[in-house]
Structures are given as structure tokens and as C-alpha cells.
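Here's a walk through a structure you may not have met before. Take a look at it first, and then we'll go through it piece by piece.

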Amino acid sequence: MPALTVKVKRFDGRKSWWQEYKVDIKSRKISVLDVLLKIKEEQDPTLAVRYSCRMAICGSCGMVINGVPRLACQTLLAEIKDDTITVEPMWNHRVIKDLVVDTEPNFEKLRKVKPYTIRDLKEIYESDREIGQKPEELEKYYNFAYCIECGLCMAACPVVATNPRFLGPMALAAAYRWSADSRDQGWPVRAKIVDTDEGVWSCHLAYTCSAVCPRGVDPGFAIQLVKAALMRRAKKL
Amino acid sequence: MSSRRSSYINVEGGVENMRAGRGAGEWFRLINYERLYFTIQRISGLYMFFYLIFYRVLFDAFVSPSLVSSFDMTVPGKVLAALFLVFLAFHGLNGFRIMLIEFGIIRGWPLRNPIRNVPGLRRSRIHLIYNVLMIIIAVAALVYLPYLVTYGAVFRP
């Protein structure tokens, strides 16, 4: 059986170090998460990994694999030709233990942009009218609604690395997604939140967020769409 | 911004607060070519700032104009000046590219794909042409740089 060398950057709350594991694998058609769980089961039960769905939907197993932020469940060994794999916790996040990071700041930022439909409640409750949506209206935001909030874009962003107050690609893409929804009326509110130094104007288009997004959400492009809308003082996205 | 849980974890048992990544060192990770542009944009901006403000203005005006003039005639002086020109060209071109994208002039649209969607800028033909032009200009500047250093006259921006 071919042996795989897995180097994991570990953290126990006090010190950080690289630990090397040798893993025997039968096939390369398994994911990095499978390898990490195999290590956990057979060699080192103290290794901390966060995961849940194993099919790139929950966004729990984000980590840096061979220098690129990826989902461990989505990254197959077949994609990584090398027999050595390095695994680190997501960059730009506070590490709790080993590969588990604190993603709460991402969600704090996400909540700031009000990621839900803002609409006159009176109209909703008192009217029998259905709020419809045409396919071309759906097309405006559909791609950006794929976000699973895994935080890989936040890990990849070089601006977040030096400016932790920057709202970041995850929250700003959500600001576009909800504002571009034809059923939403919250753009004027969100525009005030994102039209700041900590909002879209801190994005300098490194575009790594879009390059690493496991769902192809393209948050970098969403931020540019918000910038363009702000510059033309659009009443609606 | 601090996490709601971070203070709790810090209080419990004196756990160290470790942030993954390298801070400003994150600029130097090469993942995609736009990130390389981003890094060169920052380095070129810093270089031009220090070259103009510290060397050209402060040193030239307040310390020793004759020393600056004689240093300009040397090879290191010419290299610094030529680098300034190359960085100025890149900074301007890339800044213009970013402006075009921000104004919505260069624009693609993400392509839906069952496996993984294709980002919008990757589908923009104008963006591709602009990138090719930038690479051609960068290569031309790199070829011209040794010529400028060897045979160029004293350059004073």
C-alpha cells in the first residue's frame, strides 16, 4: 500500500508545531478529510478536526491544504499529485485547537450586512399578493446564493490578513446577494454599511476569494458590482 | 473585531491567542495572478512613495543635493531610477485596470457549472486582452531596464 506523508500544523492552546504522520492508503480516490479521520482513528485521537456533512455543503472542514484554502471533504488525493500533504488551519482566523478555528468573527461581520430579506412587513401581512420573481431577476443573484459560509474566502483574503475590521468577501458577497434580490428593499440600508473604509473600499481586487471559493460564488466580483452600484448611486441593485 | 467567544477562551486557563497565517506576509502567497498584481501594486506604491518623498524630496532638498546628483550617475542610482519607472508603469496600468473593473467597464458574468462555477473576470474578454497587454508591457520594461541603466542619462522625476 502506498504511504502518504501528512504534515499537520497543530496547536494545543499554548504552542504550535508541525506533526508528521505516515498513512497507508489503498487508493487516491479518497478525500483529505478521510485521511485526517483515518489518522484520528488509528494514530492520534487528540488531533482536532471540524467536519460535518462530508459533501461540501456544510462548510465546516475549511483548512489550508498544500498552501491553498480548501474544503477537506472536497479535496481528493487524486487532485494532489504529491505524496506529501501539508494541512494548516485557515489563515486569518484565531485557532482554537489544531485545525479548528474560530469562525465567529465571520458571522459577526455577516450579521452586520443584514443577510435576509428586508421588506415592508405591513405589505407582506396585509396583502394577498404573491411576491413573484422572474427568471432574469433570479439570474442577478442566483450564483451568489450558492455561498455555504465556509470562510475560505476570508482565509484567502490578503486584506483581511492586515485589516481584521474589513468586512471581507463573505459578508460583502452576502450584501450583494440580498440587495440584488428583486423581493428585497434593503439596498439603501446595506449601502450605508458597505460604503465605508471597512466595507467595499478596502477590497483591492486580489481576487483570491473567487479563486478559492469551493462553490464558485465569485465574492470578488460581487464586491465590484456593489462598488459600481455605489458609484452610480443606484437606487436598486 | 473580537470574537464573542475569544474573551471566554482567553480567560479559561490562560490559553494563548494564536492567529493562523502570516499577517502582512499573506501578501506574498501566490495563489492566483490577480493576487500577484495586488502584491506588486502595494510594493510598487511603497517603493514610489519612499523614492519620491525620502530620496528625491527630503534627501535632495535638505541633506545634500550634490551627493544625490553624484549617486544618480552611478549604476545603483540608475537602477533605482529605472525601477521607479517600471513600478510607475505597472502601478498606473494595474490601477487603471482596477478602476475599469470598479466602474463596471470590464465586466464578465460568472458561468454556472455543475461542478464549479467560473468566476466573472475569467470570462471577460476585455480583461484577458488587458492582461496580455500588461504582460507585454512588463516584458518590454524588463528588457528596456538594463538598456536604461547602461546607456540612460540621469533621470530626475
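## A hairpin to start with

Let's begin at a turn: Gly13(A) takes a positive phi near 100° in the hairpin of β1(A) and β2(A), where 4 residues sit between the strands. Strands here are DSSP runs of E with at least two residues, helices are DSSP runs of H or I with at least four residues, and both are numbered from the N terminus. The two hairpin strands, β1(A) and β2(A), run antiparallel and are joined by 9 bridges. (Two strands count as paired if DSSP finds at least two bridges between them.) Along that pairing, Lys7(A) has Glu20(A) of β2(A) opposite.

Before going further, a note on the model: it is predicted, so to speak of local features takes a pLDDT of at least 70 and side-chain atom pairs count only at pLDDT 80 or more, while totals for chains, interfaces and linings use all residues. Residues are numbered from 1 along each chain as its sequence is written, chains are lettered from A and ligands numbered from 1 in the order in which they are written, and side-chain values use heavy atoms, with hydrogens and water left out.

## The five-stranded sheet

The hairpin belongs to an open sheet of 5 strands in chain A, ordered β2-β1-β5-β3-β4, with mixed pairing. β2 (16-24) and β4 (68-71) of chain A are at the edges with a single partner strand each, so one side of each has no neighbour in the sheet. On average, neighbouring strands here are turned by 30° against each other, direction ignored; the axes behind that angle are lines fitted to C-alpha atoms, for helices over the stretch in contact, and angles run from 0 to 180 degrees between N-to-C directions.

On to the pairings. β1(A) runs parallel to β5 (residues 84-88) of chain A, with 4 bridges joining them, and Val6(A) has Ile85(A) in β5(A) as its bridge partner. β3 (residues 62-65) of chain A and β4(A) run antiparallel, also with 4 bridges; there, Met63(A) is partnered by Arg70(A) of β4(A).

## A salt bridge within chain A

What does Asp44(A) meet in a salt bridge? Its partner is Arg10(A), at 2.6 Å from N to O. Asp44(A) lies in the loop between α1 (32-42) and β3 of chain A and Arg10(A) in β1 (residues 3-11), so the pair ties together parts 34 residues apart in sequence. A salt bridge means a side-chain nitrogen of Lys or Arg within 4 Å of a carboxyl oxygen of Asp or Glu, and the structure holds 21 of them over all chains.

## A sheet shared by two chains

Another open sheet, this one of 3 strands, crosses between chains in the order β7(A)-β6(A)-β1(B), with antiparallel pairing. β7 (100-102) of chain A and β1 of chain B stand at the edges with a single partner strand each, so one side of each is left without a neighbour in the sheet. β6(A) pairs with β7(A) over 3 bridges and with β1 (residues 18-19) of chain B over 2 bridges. Val95(A) has Met18(B) opposite.

## Where the chains meet

In all, 58 residues of chain A contact 44 residues of chain B, contact meaning heavy atoms within 4.5 Å. The rule finds 2 salt bridges across this interface, and Lys227(A) forms a salt bridge with Glu102(B), their closest N and O atoms being 2.6 Å apart.
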